[in-house]
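Welcome, and thanks for opening your viewer. Let's take a walk through this model together, one selection at a time.

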Amino acid sequence: MLTSIIVLAVGEMLTGPAKALFMDEISTGLDSSSTFQIVKYIRQMVHVMNYTVMISLLQPPPETYNLFGDIILLSEGYIVYHGPRENILEFFESAGFRCPERKGVADFLQEVTSKKDQQQYWYLDQEYHYVSVPEFAERFKSFHVGQLMLKELQTPFEKSKTHPAALTTRKYGLSSWESLKAVMSREQLLMK
């Protein structure tokens, strides 16, 4: 029953006119197969319909994790990593931490920023030292993905490329005249 309610809620979100969807913990109460199918469908929709979707999942299974294009790893209020999925392990290896082959990447990402779990992933010959979340966030700024993002964010947005419907230029969605026409049309329909 819970599974059908969750799937129904996700389905309702997908049928609306929104081009950007923000979904929090859509896998709660679902088995890994259902989560995989939903995320796989959303991924196809993103590519076909040019949507933007942000989904938060806690420890997704490896096959579901591999469906994502970009990863935003948040910890203790910091953005530890934000970029392509393909570069995230490279980032942590540059900091001295390696994901074992037996470990799912999502589980590794959750544990590598934790003080009690971090040491098991240290792979350098040097003596281990704890890397705090703020240190990871600073290291990301000097990592090539972080540098590319910083460069992109520093480039001013060219307003001429904005779609006319993207930004509002008026206080109200309809002018007074359009509102009056809509109300009169509705009243005329009711009188008929």
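Before the first click, a word on names: helices (H or I, at least four residues) and strands (E, at least two) are DSSP runs, numbered from the N terminus. Keep in mind, too, that this is a predicted model.

**Stop one: the second largest pocket.** Please select strand 4 (78–84), helix 6 (133–142) and helix 7 (144–154), each of which supplies at least two residues of the lining here. The space in this pocket is about 490 Å³. Now pick out His82, Phe140, Met149, Leu150 and Leu153: of the 15 lining residues, these are the closest to the centre of the pocket. Which helix provides the largest share of the lining? That is helix 7, with seven residues. If you colour the lining by class, you will find nine nonpolar, three polar and three charged residues.

**Stop two: the largest pocket.** Move on to the pocket with a volume of about 1100 Å³, the largest one. Its lining counts 35 residues, and those closest to the centre are Ile55, Phe68, Asp70, Ile71 and Ile72. To see the elements around it, select strand 1 (20–24), helix 2 (32–49), strand 2 (52–56), strand 3 (70–75) and helix 5 (105–112); at least two lining residues come from each. Strand 3 contributes the most, with six residues. Colouring by class again, you should get 21 nonpolar, 10 polar and four charged residues in this lining.

**Stop three: a pair of strands.** Keep strand 1 and strand 2 on screen and hide the rest for a moment. How many bridges join strand 1 and strand 2? There are five, and the two strands run in the parallel sense. For a landmark, label Ala20 and, opposite it in strand 2, Thr52. Then bring helix 2 back: the chain goes from strand 1 through this helix to strand 2, making a right-handed β-α-β crossover.

**Stop four: Thr64.** Finally, centre the view on Thr64, in helix 3 (residues 62–65). Is Thr64 buried or exposed? Its relative accessible area is 0%, and buried means under 20%, so Thr64 counts as buried. To see what surrounds Thr64, show Ser32, Thr35, Phe36, Val39 and Leu57, the residues that Thr64 touches once those up to four places away in sequence are left out. Ser32, Thr35, Phe36 and Val39 fall within the range of helix 2 (32–49), the helix you have just followed between strand 1 and strand 2.

Notes. Residues are numbered from 1 along each chain as its sequence is written. This is a predicted model: local features need pLDDT of at least 70, side-chain atom pairs count only at pLDDT 80 or more; totals for chains, interfaces and linings use all residues. Side-chain values use heavy atoms; hydrogens and water are left out. On a 1 Å grid over the protein atoms alone, a cavity is a set of points where a 1.4 Å probe fits but cannot get out, and a pocket is an open set with protein on both sides within 12 Å along at least five of seven lines; lining residues have an atom within 4 Å of a point. Grid points are joined across faces, edges and corners, and a volume is the space filled by probe spheres set on the points. Ala, Val, Leu, Ile, Met, Phe, Trp, Tyr, Cys and Pro count as nonpolar, Asp, Glu, Lys and Arg as charged, and the others, Gly among them, as polar. Two strands pair if DSSP finds at least two bridges between them. A crossover is right-handed if, with the strands pointing away from the viewer, the path from the first strand over the helix to the second runs clockwise. Buried means under 20% relative accessible area, exposed over 50%, partly exposed in between (1.4 Å probe, protein chains only). Contact means heavy atoms within 4.5 Å.
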